[in-house]
Amino acid sequence: MAAANGCGQEREMQKTYWVENSADLTVEAMMLDSKASDLDKEERPEVLSMLPPYEGKSVMELGAGIGRFTGELAQKAGQLIAMDFIDNVIKKNESINGHHKNVKFLCADVTSPDLNISDESVDLIFSNWLLMYLSDKEVENLAERMMKWLKVGGHIFFRESCFHQSGDSKRKYNPTHYREPRFYTRVFKGCHMPDSSGNFFELSLVSCKCIGAYVRNKKNQNQICWIWQKVLHRGFVSTGGIETTKEFVSKLELKPGQKVLDVGCGIGGRGLLYGHFEVADCTTKKYPDNTFDVIYSRDTILHIQDKPALFRSFYKWLKPGGKHMARCLRTLVFMRFIAEDRTDQFKEVLQRELNAVEKDKDAFIEDF
Ligand SMILES: C[S@@+](CC[C@H](N)C(=O)[O-])C[C@H]1O[C@@H](n2cnc3c(N)ncnc32)[C@H](O)[C@@H]1O
């Protein structure tokens, strides 16, 4: 049976599937494989060895099942939430692992909007075979929510069966989504989140690999896991990052539907605020006359020799009444030429950035 598109139908189908397949409450049922005990002995330590350090930390296990991983996670974690949407399954998990007093067992669907998890409260979110039981849209929503729940610097680990079924258990029907791995990479890479101070965060890929136990025992390379870390978005090369970019972009008074050309967009920090991307040389590129409402560029025009020719192009590409804003280190220029001396502002911003780098010099060099 194909998986349903609508979330309601999808939920019903996945729940029915798991009610039927978890009736036995065994490792075989959790792994949907007749050789589960042997595989489990080999793959469980392998999976656990890949996790970033979580001693004393706040951990959340989604789709915990009867607790193949719960007990081991509980031994090191500070606090652990183990969540599963099948009542009998999470009760079995509690009967096995309930002696770990740092674990809260929750019967809940991970897609439920009512989950009461505070933002930035979790160090590690762990799931082993969960996202393949969610629709594409549900994976996208959950990825965004996971990112909110994570502390800055926190990690997400997930492992999924890709391309096709791996376990040999017979099933009447199978609503599992065996996706191409690039789907998961695209969704998690696309997660961005601002905080109340105007910083942007993103998920940075720490590792993506297949589970060796399945390669060795089943010649199966389709068991793939990912580790992501929530980090500050490093999309700005120019001085002042998001702070000065926001200030300059606000001066453009952009309106919905306006067309903006960002010349020399770099690694895309400003694109987060308003745009999409194209590779082209602005000294040879041709656009039709009267194309853009605004042309913006920052720390770019100083690198171009024939500035008058470039400005002639900008003039043609701008719609009548359009704006060109450029900041080349010391000048802020509109077509109607507003020149402002921003030296003091940039001295202050540069000093702040220098102090931040000095404070965290080793981490900065390693990251670089
Ligand atoms: C293949 S089992 C894996 C269990 C465990 N993680 C393991 O590796 O042994 C998948 C588990 O995810 C749970 N599950 C599936 N969809 C879920 C959802 N939307 N919310 C919570 N749990 C879910 C199922 O009930 C089942 O226990």
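**Exercise 1. Classify Glu 120 by its accessibility, then place it and give its phi.**

Step 1. Glu 120 has a relative accessibility of 37%, so it counts as partly exposed. The classes are: buried under 20% relative accessible area, exposed over 50%, partly exposed in between, with a 1.4 Å probe and protein chains only.

Step 2. Glu 120 lies in the loop between strand E3 (103–107) and strand E4 (122–128). Helices (H or I, at least four residues) and strands (E, at least two) are DSSP runs, numbered from the N terminus.

Step 3. Phi of Glu 120 is near 50°, a positive value in a residue other than glycine. Most residues other than glycine have a negative phi.

Before going on: this is a predicted model, in which local features need pLDDT of at least 70, side-chain atom pairs count only at pLDDT 80 or more, and totals for chains, interfaces and linings use all residues. Residues are numbered from 1 along each chain as its sequence is written, and side-chain values use heavy atoms, with hydrogens and water left out.

**Exercise 2. Work out where Leu 25 lies and what its phi is.**

Step 1. Find the loop between helix H1 (7–21) and helix H2 (27–31); Leu 25 is there.

Step 2. Read the backbone. Leu 25 is not a glycine, yet its phi is positive, about 50°.

Step 3. Check the surface. Leu 25 is partly exposed because its relative accessible area is 22%.

**Exercise 3. Decide whether Arg 159 is buried or exposed, and find its side-chain partners.**

Step 1. Arg 159 lies in strand E5.

Step 2. Its relative accessible area is 0%, so Arg 159 is buried.

Step 3. Look for polar contacts. Each is a pair of N or O atoms within 3.5 Å; within protein, one must be able to donate a hydrogen and the other to accept it, and residues adjacent in sequence count only if both atoms are side-chain atoms. The side chain of Arg 159 makes one with the side chain of Glu 43, at 2.7 Å. Another, at 2.9 Å, joins it to the side chain of Asn 128.

**Exercise 4. Describe the surroundings of Glu 180.**

Step 1. Glu 180 lies in the loop between strand E5 (150–161) and helix H7 (181–189).

Step 2. Glu 180 counts as partly exposed because its relative accessibility is 38%.

Step 3. The side chains of Glu 180 and Arg 182 share a polar contact of 2.9 Å.

Step 4. Phe 163 is 17 residues away from Glu 180 along the chain, but their C-alpha atoms are separated by 5.6 Å.

**Exercise 5. Find where the ligand sits and which residues surround it.**

Step 1. The ligand sits in the largest cavity. On a 1 Å grid over the protein atoms alone, a cavity is a set of points where a 1.4 Å probe fits but cannot get out. To sit there, more than half of the ligand's atoms must lie within 2 Å of its grid points.

Step 2. 20 residues surround the ligand, each with a heavy atom within 4 Å of it. Gly 63, Arg 68, Asp 84, Asp 109 and Asn 128 are the closest.

Step 3. Check the polar atoms. Asp 84 has a side-chain N or O atom 2.6 Å from an oxygen atom of the ligand. A polar side-chain atom of Asp 109 lies 2.9 Å from a ligand nitrogen atom. For Arg 11, the distance from a polar side-chain atom to a nitrogen atom of the ligand is 3.3 Å.

Key. On a 1 Å grid over the protein atoms alone, a cavity is a set of points where a 1.4 Å probe fits but cannot get out, and a pocket is an open set with protein on both sides within 12 Å along at least five of seven lines; lining residues have an atom within 4 Å of a point.
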